[in-house]
Amino acid sequence: FKNVVATANTNPNLNTDLKSIFTDIENSAIGYPSEQDIKGLFADFDTTSNRLGNTVADKNSRLAAVLKGVAELDFGDFADNHIDLFGDAYEFLISNYAANAGKSGGEFFTPQCVSKLIARLALYGQDKVNKIYDPAAGSGSLLLQAKKQFDEHIIEEGFFGQEINHTTYNLARMNMFLHNINYDKFDIALGNTLMNPQFGDDKPFDAIVSNPPYSVKWIGSDDPTLINDERFASAGILAPKSKADFAFILHALSYLSAKGRAAIVSFPGIFYRGGAEQKIRQYLVDNNYVETVIALAPNLFFGTSIAVNILVLSKHKPDTQTQFIDASGLFKSATNNNLLEEEHIEQILKLFADKEDVPHLAKSVSFEDIAKNDYNLAVSSYVEQKDTREVIDIDKLNAEIKQTVANIDRLRAEIDKIVAEIDQ
């Protein structure tokens with residue numbers, strides 16, 4: 001890097017030299033265990049693209065400016081620093097891109113405040129997990145947040161995920177390397193999780209974190225073989241073709257170990273709509289997999305103001321109660337998006353851990369009551385909203401009205417007296 005930077009402003013072949021360097025880095029892993037984790041890593045990074053400029057000189061000028069900017073950053077001695085400056089800077093840039101990318105931005109980046117909550121929910125009560133998995137990994141932000149929240153503990157086999165978008169898949173792998181997770185501690189696969197799932201033959205995962213795309217289309221019942229897929233067969237029905245939300249949820253459930261938890265960001269509609277989604281909810285409740293449903297505040301995510309839910313799945317519940325938490329009022333209002341601050345996350349986690357009923361915030365509901373309610377899992381159906389309307393004292397109001405009427409009568413009598421005097 002230092003050699004390249006030293007001649008960047010005067011090298012007429014800078015763009016092609018960089019292309020060769022990135023190709024050589026990828027080729028250096030061929031035949032080694034790291035090959036699959038580095039192969040194609042820079043496929044989307046084209047230093048010869050016309051997007052950098054119309055002429056070679058324009059391209060080289062922009063590339064030299066970027067190289068010089070990075071070279072001037074003071075990273076200090078890596079061994080002496082407790083933070084991952086380069087990795088965190090990279091994540092900061094991704095989050096800023098997501099914030100300004102409109103609707104598409106939220107597809108591959110989960111805001112850190114929400115990631116932190118999801119990670120803590122999935123890892124709650126565990127001091128050691130075999131591995132962590134995200135079936136819709138995006139840029140890897142959820143997995144990395146899990147690492148950050150679990151750094152003091154033991155993660156035996158590392159971080160696993162699958163991502164369908166090629167560019168985002170490369171972002172996730174780069175993100176792992178930049179956060180000092182070596183190739184032997186992560187395995188991010190490229191492909192369609194629902195149609196071509198990876199890691200299914202491996203041991204189940206002790207922790208699953210996920211923010212799958214909301215209500216995307218999938219092949220569903222148009223592929224008759226899917227109903228026999230072990231991920232979906234137990235439910236006896238497939239998620240609707242126009243809404244794959246429960247397909248991702250059932251996939252995550254099938255990958256979950258007997259001691260683990262999955263925390264999944266979910267579109268609110270899946271918790272109360274009828275049809276196939278109702279039947280899948282019945283399967284989840286009847287088999288006691290739903291530990292908690294949490295309603296979050298609106299406008300926490302990039303590109304959407306929807307107030308999403310978090311679904312917590314578990315295969316080791318000690319009872320048949322399902323907990324509902326209304327956290328819609330726990331947030332800090334910011335310029336573009338609302339934020340979950342540490343105090344809000346701690347409050348939600350305490351409610352989750354205690355499993356105690358708290359008026360207007362949390363309620364645990366019996367299996368029988370959920371069944372009677374047609375397996376509706378909407379938080380608002382069980383946690384009563386706080387009545388913020390002004391309390392009116394009727395007796396006091398009547399007394400005030402009586403006094404007002406008396407004042408009106410007195411004033412009218414005085415006006416009549418004045419008018420009578422004028423007439424004389």
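Is Phe-352 buried or exposed? Phe-352 is buried, its relative accessible area being 0%. This report describes a predicted model and covers its sheet, its aromatic pairs and its salt bridges.

**The sheet and the helices on it**

Nine strands make up an open sheet with mixed pairing, in the order β5-β4-β2-β6-β7-β9-β8-β10-β11. The edges are taken by β5 (186–190) and β11 (362–365); each has a single partner strand, so one side of each lacks a neighbour in the sheet. On average, and with direction ignored, neighbouring strands of this sheet are turned by 15° against each other.

At the β11 edge, strand β10 (residues 322–326) and β11 run antiparallel and are joined by four bridges. In this pairing Gln-323 stands opposite Ser-364 in β11.

Helix α6 packs on the sheet and touches β2 (132–134), β6, β7, β8 (290–295) and β9 (309–314). The direction of α6 makes about 160° with that of β6. Helix α8 (residues 166–178) also packs on the sheet, where it touches β4 (159–163) and β5. The direction of α8 makes about 175° with that of β5.

**Aromatic pairs**

The structure holds 14 aromatic pairs. One of them is formed by Phe-22 and Phe-42, which are tilted, with 4.6 Å from centre to centre and 40° between the planes. This pair links distant parts of the chain: Phe-22 belongs to helix α2 (residues 14–27), while Phe-42 lies in the loop between α3 (35–38) and α4 (56–71), 20 residues apart. Phe-42 has 18% relative accessibility and counts as buried, because the limit for that class is under 20%.

Tyr-124 and Phe-352 form an edge-to-face pair, with 5.7 Å between centres and 85° between the planes. Here too distant parts of the chain are linked, the two residues being 228 residues apart. Tyr-124 sits in the loop between α6 (112–123) and β1 (128–129), and Phe-352 in helix α11 (residues 342–354). Tyr-124 counts as partly exposed at 35% relative accessibility, whereas Phe-352 is buried at 0%.

One aromatic cluster is formed by Tyr-133, Phe-160, Phe-199, Phe-205 and Tyr-255. Lys-131 is placed over two rings of this cluster. The charged end of Lys-131 sits over the ring of Phe-205, 4.4 Å from its centre, and Lys-131 also lies over the face of Phe-160, at 5.4 Å from the ring centre.

**Salt bridges**

Side chains of opposite charge can pair when their charged atoms come close. The count of salt bridges comes to 15. Three of these are set out below.

| Salt bridge | N to O distance |
|---|---|
| Arg-120 and Glu-346 | 3.1 Å |
| Lys-259 and Asp-206 | 3.8 Å |
| Arg-412 and Asp-409 | 3.9 Å |

What does the salt bridge of Arg-120 with Glu-346 tie together? Arg-120 lies in helix α6 and Glu-346 in helix α11, so the pair joins parts that are 226 residues apart in sequence. Arg-120 counts as buried at 19% relative accessibility, while Glu-346 is partly exposed, with a relative accessible area of 40%. Both residues belong to a network of salt bridges that links Lys-116, Arg-120, Glu-342 and Glu-346. The α11 residue Phe-352 is the one that pairs with Tyr-124, in the loop between α6 and β1.

The salt bridge of Lys-259 with Asp-206 lies between two strands. Lys-259 is in strand β7 (residues 256–266) and Asp-206 in strand β6 (residues 205–210), so the pair ties together parts 53 residues apart in sequence. Strands β6 and β7 follow one another in the order of the sheet. Asp-206 is buried, with a relative accessible area of 7%, and Lys-259 is partly exposed, with 40%.

The salt bridge of Arg-412 with Asp-409 lies within helix α13 (residues 394–423). The two residues are three residues apart, which means that about one helical turn separates them. Arg-412 counts as partly exposed at 48% relative accessibility, and Asp-409 counts as partly exposed at 43%.

Notes: Residues numbered from 1 in each chain as written. Predicted model: local features only at pLDDT ≥ 70, side-chain atom pairs only at ≥ 80, totals over all residues. Heavy atoms only, no water. Phe/Tyr/Trp six-rings, centres within 6.5 Å; stacked < 30°, edge-to-face > 60°. Buried < 20%, exposed > 50% of the residue type's maximum accessible area, 1.4 Å probe, protein only. Lys NZ or Arg CZ within 6 Å of the ring centre and 35° of its normal. Salt bridge = Lys/Arg side-chain N within 4 Å of Asp/Glu carboxyl O. Pairing = 2+ DSSP bridges. Axes fitted to C-alpha atoms, helices over the stretch in contact; angles between N-to-C directions. Contact = heavy atoms within 4.5 Å.
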